[in-house]
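Please find below a short note for a colleague new to this entry. The points are numbered for ease of reply.

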Amino acid sequence: MTDSTPADAAPRDPAPDAEDEAAFGEREPNRFGADVEYRGRAQGHEYVARVRHRLLDTSLLLEIDGVPHDPAAEEKALKAAEKIDGPEGDEAAEGDEGPTGADDLRFRIDDGFATLRCTVIRRDSDGEHTDHELVTVRTAGLGGAGEVEVSRGPRTDPLIPAEGSPSALRDEKRAAHPTWFAAFAAVRRAAGYLIPLLGLGALFSNILRPVREWVASLLRPVAEAVGAVVNPVLEVIGDLLRPVGDLLAAVLRPVARARDWLRDLLLGWIPDLSLPFSVPEWVPDVVVPLIVVLLVFSATLSGIRRRSAALKEARKEPGGSTDAPDEREKKRAAAQKDDAEDASDGEDSVETS
C-alpha cells in the first residue's frame, strides 16, 4: 500500500455536488459561464489551467509540469492541518513542513470580483517555501470568457486558450479590432470614474430637493424653539470668553506678521501669472473627462497589442502551446525523425562525393 499526498488524493476534476454545476467541459458555453482550458509554457514550467469562468464564482484547476493541483482545496487542507496541530502547527509552518503536493508546491488564493489570483509557492534553495509565480485569471463580461497569465516580476507569460473556446474567439476579435475594443473599454471605465465626478450628486440633489424642503419645513419650528433657548446662553459664554480671545490674538499677532514677512521674502519675487483671456467654467468639465478617456484608451490599446504579440510568440513555440500532451509528443517525435533523416541524407551525400 503506497502513501498518498493531498495532490495525489485530489482528483484532477472533482466531481460536482448535486447542487453544483456539471463536470468541467460538459456545460455549454454562454454569456454567463464557460469552461475553458489554457495551456502554455510560463516561467520555465509547463502549465495547464482549467478555468470555470463565472461572473461571481470563477474557479481554477492547475496542472504544473504534469502534476495536477486543486489550489483552493490544497490551501484549505494546509490551513486545516496547521489549525489541528495547534502550537506544533506553528512550528511546522516555520519549518515549512506540512501537507504539500507531489511536487512540493503550495498555493495561496486571492479571489476578487472578476479576478482570481493564485500564488504558486515553491521551496527555495534554503529549504523554505517562498512566493514564485502568480497565476492571474480574469473573467470578462458576464462570465462567458476570460484570460489567464502567469507572471513573476516584470515578466508576464499568457496561457493560450483552447481553439474554438469563447476566450480564444475573444482574443481573436480583440486582436483584429484593437482600436474599437480600446475605445469601448475607455468609455466604460471612464464612465465609472466620471459619473460621480460630473454631477451625479447634483442630479440626486435636484431630485431630492422637494423632500429636503418638506423636511426643513417640518423641523423649522423645532429649530427656532431650540435657538430661542440656546442663543442667550451662547451669548453669555461668548462675553465671558472674549477677553481670552483678545489675549490670544495679541500674542499670536507677531507670529502672523513673521509668517507673512517670510512668505513675501521667499515667494515675493514670483510674478503673478494670468491668462490674457478668461476660461469658461465648462472647460474643466470637458477637459478632465477627455484626459481620462485618452489615458484609459492608450493603456487599454497598449495592453491589447502587448497581449496579442505575446500570444503570437507563444503559439510559435515548438509543439504548440494549445496542443494536448500526446500531440506535442507526436510532433516532437516527428521533428526528431525528420532531423535524423536529414542527417542521414547529408552523410550519404558526403560518402557519394
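1. In this predicted model, helix 4 lies across strand 1 (33–42), strand 2 and strand 10. The helix runs at about 70° to strand 1.

2. The strands that helix 4 crosses belong to an open sheet of five strands, ordered 4-3-2-1-10, with antiparallel pairing. Strand 4 (67–69) and strand 10 (160–161) stand at the edges; each has a single partner strand, so one side of each is left without a neighbour in the sheet. Strands of a sheet pair through backbone hydrogen bonds, in either a parallel or an antiparallel manner.

3. At one of these edges, strand 3 and strand 4 are joined in the antiparallel sense over three bridges. L62 stands opposite H69 in strand 4.

4. The loop between strand 2 (45–54) and strand 3 (59–64) contains L56. Is L56 buried or exposed? L56 is exposed, because its relative accessible area is 61%, and the cut-off for exposed is over 50%. L56 and T115 are 59 residues apart in sequence, and their C-alpha atoms are 9.4 Å apart in space.

5. The largest pocket has a volume of about 1400 Å³. Its lining comprises 37 residues, of which A140, G141, R170, R174 and R188 lie nearest the centre. Two or more lining residues come from each of strand 7 (129–140), strand 8 (145–152), strand 9 (155–158), helix 4 (166–176), helix 5 (178–194) and helix 7 (282–315).

6. By class, the lining of the largest pocket has 17 nonpolar, nine polar and 11 charged residues. Helix 4 thus appears in two settings: it lies across strands of the sheet, and it contributes to the pocket lining.

Terms used. Residues numbered from 1 in each chain as written. Predicted model: local features only at pLDDT ≥ 70, side-chain atom pairs only at ≥ 80, totals over all residues. Heavy atoms only, no water. Helix = DSSP H or I, 4+ residues; strand = E, 2+ residues; numbered from the N terminus. Buried < 20%, exposed > 50% of the residue type's maximum accessible area, 1.4 Å probe, protein only. 1 Å grid on protein atoms, 1.4 Å probe; cavity = no way out; pocket = protein on both sides within 12 Å on 5 of 7 lines; lining within 4 Å. Points joined across faces, edges and corners; volume = space filled by probe spheres on them. Nonpolar A, V, L, I, M, F, W, Y, C, P; charged D, E, K, R; others polar. Pairing = 2+ DSSP bridges. Contact = heavy atoms within 4.5 Å. Axes fitted to C-alpha atoms, helices over the stretch in contact; angles between N-to-C directions.
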